[in-house]
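Q: I'd like to learn how to read a structure like this one, feature by feature. Could we start with charged side chains and work outward from there?

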Amino acid sequence: MSRIESPLYPGIARTNYRFVVLSLIFIVYAINYADRTNIGAVLPFIIDEFHINNFEAGAIASMFFLGYAISQIPAGFFIARKGTRGLVSLSIFGFSAFTWLMGTASSVFSLKLIRLGLGLSEGPCPVGLTATINNWFPAREKATATGVFIAATMFAPIIVPPLAVWISVTWGWRWVFYSFAIPGIIVALAWYLLVKSRPGESRFVSESELALITNDRQANSDPALQEGNIVLSPRFALLDKLIRVRKLAPLDNTKALFTSKNILGDCVAYFMMVSVLYGLLTWIPLYLVKEKGFNFMSMGLVASMPCIGGFIGAIAGGWISDRLLGRRRKPTMLFTAITTVIMMLIMLNIPGNTLAVCIGLFMVGLCLNIGWPAFTAYGMAAAAPKTYPIAAAIINSGGNLGGFVSPMVAGFLLDSTGSFNAVFTWFGICAALGLVVILFLDEPQ
């Protein structure tokens with residue numbers, strides 16, 4: 001960890017251990033996403049081995065999100081009371097163990113059951129990681145830390161398709177899961193040893209770093225710099241009217257969270273956009289092989305294009321929302337919904353050549369992820385600090401039910417029509433419905 005002299009304590013070195021924690025957050029969530037998204041790359045192999053239709057294949061992928069949605073709200077309550085350290089470590093170890101078990105599955109039923117277990121064990125992880133950011137970073141750095149967290153969700157799927165296809169072709173699809181399980185087991189131990197629930201509990205954090213974190217968060221009185229507050233400016237007057245800026249009291253109890261039209265609306269809008277994202281991550285590999293005629297190796301490379309676009313979009317979208325739009329969240333959310341509808345229309349008519357498909361999928365990922373950080377950041381703005389883990393759990397839990405529904409709906413449409421046109425139409429409808437919901441959200445001042 002780097003050490004510099006603290007202006008608060010002259011002559012005393014200040015640690016920057018929070019950035020070690022941030023590095024672990026990135027690694028943990030990248031592994032988390034790799035373990036959930038590797039199913040898309042191996043689905044064609046599973047379909048061939050078990051002789052199942054597309055609906056059944058979609059159901060295997062979907063079962064993860066049922067478990068993922070179920071476990072998040074209980075995890076939010078637990079973390080709000082007991083802290084993050086133990087539960088996050090247990091979550092990492094648990095989803096790594098279920099990833100290993102995927103390679104041992106002998107039937108479609110066991111694949112579904114293990115995917116459900118994978119979801120149940122992964123659910124506490126994002127709630128714990130965002131709560132860690134909330135605890136470990138001063139207000140001035142939280143946006144940057146959250147951007148790194150979100151970027152991990154797109155970094156992993158960039159490398160997963162080509163790596164998973166290569167392992168499947170070389171050693172068989174089961175070795176994808178055996179191989180992917182190992183890093184998580186190691187990182188679970190590292191998290192438990194290195195990351196406490198709060199920086200004040202860590203022996204690696206100096207008094208001056210702790211003062212930087214806590215004093216900045218508590219004493220910062222500039223409303224323009226406080227997390228969740230937007231910068232009021234005459235140049236944003238028209239935009240503020242269009243996005244319904246309102247001065248809202250922070251939601252500081254559980255009942256207020258579960259009855260807030262804004263939290264529930266964000267949850268529904270997130271459900272629609274998750275339906276598109278995880279529908280794509282599940283079915284793009286098969287789309288490339290069956291519809292566009294790619295072989296398995298080239299498919300692995302092209303299938304990573306939405307995630308490359310998404311990685312860039314997530315970082316750019318967070319920066320735009322924080323820096324250019326004064327921490328307004330709705331504009332990038334609206335941009336994502338509108339452009340995703342447009343991109344689904346383009347995908348319906350895209351030529352079959354490799355360059356066109358690569359550009360199309362890259363733009364799908366970019367457009368879809370420009371507003372992705374805002375769905376999480378919106379909950380930070382609406383909820384009080386003490387209730388944020390529960391707010392994040394509500395948004396994530398309800399939103400990720402879209403990942404349960406969408407792969408199965410897409411599989412059903414494929415079985416019924418034999419064409420991916422129906423699938424992209426479904427994704428477009430989801431994005432359009434998300435747009436309508438976002439329009440009615442208030443932008444918290």
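A: Happily! Side chains of opposite charge can pair when their charged atoms come close. In this predicted model, glutamate 209 and arginine 18 form a salt bridge, with 3.0 Å between the closest N and O atoms.

Q: Which parts of the chain does the pair of glutamate 209 and arginine 18 tie together?
A: Glutamate 209 sits in helix α8 (residues 207-219) and arginine 18 in helix α1, so the bridge ties together parts 191 residues apart in sequence.

Q: Are glutamate 209 and arginine 18 buried or exposed?
A: Both of these residues are buried.

Q: How many salt bridges does the structure hold?
A: There are five. Another one joins arginine 36 to glutamate 122, with the closest N and O atoms 3.2 Å apart. Arginine 36 is in helix α1 and glutamate 122 in helix α4 (residues 108-122), so to speak a link between distant parts of the chain, 86 residues apart. Arginine 36 and glutamate 122 are both buried.

Q: And what about lysine 261 and aspartate 442: where do they lie?
A: Their side chains meet in a salt bridge at 3.1 Å, N to O. Lysine 261 belongs to helix α11 (residues 261-291), while aspartate 442 is in the loop between α18 (421-439) and β4 (443-444), so the pair ties together parts 181 residues apart in sequence. Here the two partners need separate readings: lysine 261 counts as partly exposed because its relative accessibility is 47%, and aspartate 442 counts as buried because its value is 6%.

Q: Let's turn to the nonpolar side. Which residues have the most contacts inside the largest nonpolar core?
A: That core has 129 residues, and the ones with the most contacts inside it are Ile39, Ile46, Leu129, Trp191, Leu280, Leu288 and Phe424. Helix α1 (residues 18-50) gives the largest share, 18 residues. A second, separate core has six residues, including Ala75, Val127, Ala131 and Ala393.

Q: What is tryptophan 191 in contact with, beyond its neighbours within four places in sequence?
A: Among its contacts are Leu24, Ile25, Val28, Arg85, Ile92 and Leu129.

Q: Which residues make the nonpolar patch on the surface?
A: Trp100, Leu101, Ile182 and Ile186 make a patch of about 400 Å². Helices α3 (85-102) and α7 (174-194) each give two or more residues to it.

Q: Finally, how many helices and strands are there?
A: The protein has 18 helices and four strands. Its radius of gyration is 22 Å, close to the 22 Å from the globule rule for 445 residues, so it is as compact as a globular protein of that length.

Terms used:
Residues numbered from 1 in each chain as written. Predicted model: local features only at pLDDT ≥ 70, side-chain atom pairs only at ≥ 80, totals over all residues. Heavy atoms only, no water. Patch = residues over 30% accessible without salt bridge, like charges linked within 9 Å, V, L, I, M, F, W, Y side chains within 5 Å. Areas by Shrake-Rupley, 256 points an atom, 1.4 Å probe, with all protein chains shown as cover. Salt bridge = Lys/Arg side-chain N within 4 Å of Asp/Glu carboxyl O. Core = buried A, V, L, I, M, F, W, Y, C linked by side-chain atoms within 4.5 Å. Buried < 20%, exposed > 50% of the residue type's maximum accessible area, 1.4 Å probe, protein only. Contact = heavy atoms within 4.5 Å. Rg over C-alpha atoms; globule rule 2.2 N^0.38 Å.
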